[in-house]
Amino acid sequence: MSVRGALGLVVAGLGVWLVVLVFRGEPGAAAPPAAFTSSAQCKECHPQVYAEWEASPHANAWVNEAVRSLSNDFANQDCIACHAPRGVFDVGVGERMLPRNVRRMEGVDCLTCHQLPEGGMAGTITDPRAACRPVERIELTRPEFCAGCHNQHKTVDQWRGSKWPDQDQDCRSCHMPFRDGTPESGRSHAMPGGTSLDFLQRAIALSGERVDGGWLVRLANVGAGHAFPTDERSRASDVFWRPIGDLGKPGVETWRHLDRMRSPYRTETDLEDTLLQAHEVREFTITDPDAADGIEVAWFYKRSPYWADAEHPDPDREATLVHRLELRP
């Protein structure tokens with residue numbers, strides 16, 4: 001066979017293989033990403049993350065009893081955009097969220113944060129071998145990603161005005177910590193917040209001391225990355241005190257209202273914003289003669305503000321006791 005003939009066979013062979021590659025794809029080539037229509041599809045590959053999310057406030061954003069009550073079963077349609085939102089990447093990172101019409105029972109789900117309009121998922125790595133075809137997107141790590149919902153009441157702006165950005169502490173530092181403190185363990189998706197007593201106790205501090213025959217009570221926002229309580233204007237926090245001598249007396253309602261922290265609704269024009277800002281410390285002096293033998297101070301938190309005020313001080317009803325302090329001579 002001539003040299004020209006041999007070269008012809010080689011070229012012909014290469015042509016066959018090119019045809020095969022075009023129609024069959026290279027060995028191991030990635031297939032199109034799987035179509036995801038529910039967060040339940042994420043469970044098979046991400047069981048730990050799914051379990052954390054399933055028990056989180058995000059997963060319960062649509063079915064939570066307090067939310068259903070405050071929104072009048074979502075007759076207040078303004079609430080839907082953040083309790084059953086469309087995908088963040090679909091709406092635009094940092095843009096105000098829009099409501100979706102499907103999967104509302106899943107609340108703020110996996111697809112809300114990770115699904116990309118062009119297909120595949122946003123993640124912290126790029127892996128073309130995985131079924132969801134994750135693509136690394138740095139936006140997931142930034143507070144602006146949370147702002148579409150959580151800056152409606154200026155929570156992200158409150159963080160920006162604090163010392164935490166200069167210390168490289170952001171939303172994920174508190175709400176998505178590393179599971180065992182190391183990056184290798186991955187970030188938790190449990191999303192602790194105002195529904196976690198431990199979280200509340202670490203965010204704020206209550207202390208007091210004897211001063212000039214009275215009592216100095218100190219309230220401090222020591223750990224929240226924003227004002228307290230933040231986000232929903234329905235949330236309120238109250239501090240009460242009562243004389244030590246009244247402790248244990250059945251039927252005796254002797255709580256005295258000391259302070260309330262809450263941001264009013266737009267319609268509550270007669271109320272001022274009393275949120276405890278990041279790093280803020282408030283001090284109150286109690287000189288009431290009833291306090292001579294000592295006082296008990298209690299800090300309560302509630303998702304709805306209408307349970308206790310100066311005229312109806314009943315903090316033990318339907319509230320979360322965050323801190324309790326006894327001060328004695």
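Two strands count as paired here if DSSP finds at least two bridges between them. In this predicted model, strand E4, covering residues 214-221, clears that bar with E7: six bridges join the two, and they run antiparallel. One of the residues involved is Ala220, whose bridge partner in E7 is Val281.

Zooming out a bit, E4 and E7 belong to an open sheet of three strands, ordered E3-E4-E7 and paired antiparallel. Strand E3 (204-211) and strand E7 (281-286) sit at the edges, each pairing on one side only. From one strand to the next, the twist averages 20°.

Now for the packing. As a rule, nonpolar side chains in soluble globular proteins tend to be buried together. The largest nonpolar core in the model has 23 residues, and the members touching the most others are Val217, Leu219, Ile286, Ile295 and Trp299. Two or more residues apiece come from helix H10 (197-203), E3, E4, strand E5 (236-243), strand E6 (256-261), E7, strand E8 (295-302) and strand E9 (320-327). E8 chips in the largest share, with four residues.

Val217 makes a handy close-up of this core. Leaving aside residues up to four places away in sequence, Val217 touches Leu206, Ser207, Gly208, Leu258, Arg282, Glu283, Phe284, Ile286, Ile295 and Val297. Ile286 and Ile295, both on that contact list, are also among the core members that touch the most others. Apart from this core lies another one, made up of ten residues, including Met97, Cys113, Phe145 and Cys149.

Terms used:
Residues numbered from 1 in each chain as written. Predicted model: local features only at pLDDT ≥ 70, side-chain atom pairs only at ≥ 80, totals over all residues. Heavy atoms only, no water. Axes fitted to C-alpha atoms, helices over the stretch in contact; angles between N-to-C directions. Core = buried A, V, L, I, M, F, W, Y, C linked by side-chain atoms within 4.5 Å. Buried < 20%, exposed > 50% of the residue type's maximum accessible area, 1.4 Å probe, protein only. Contact = heavy atoms within 4.5 Å.
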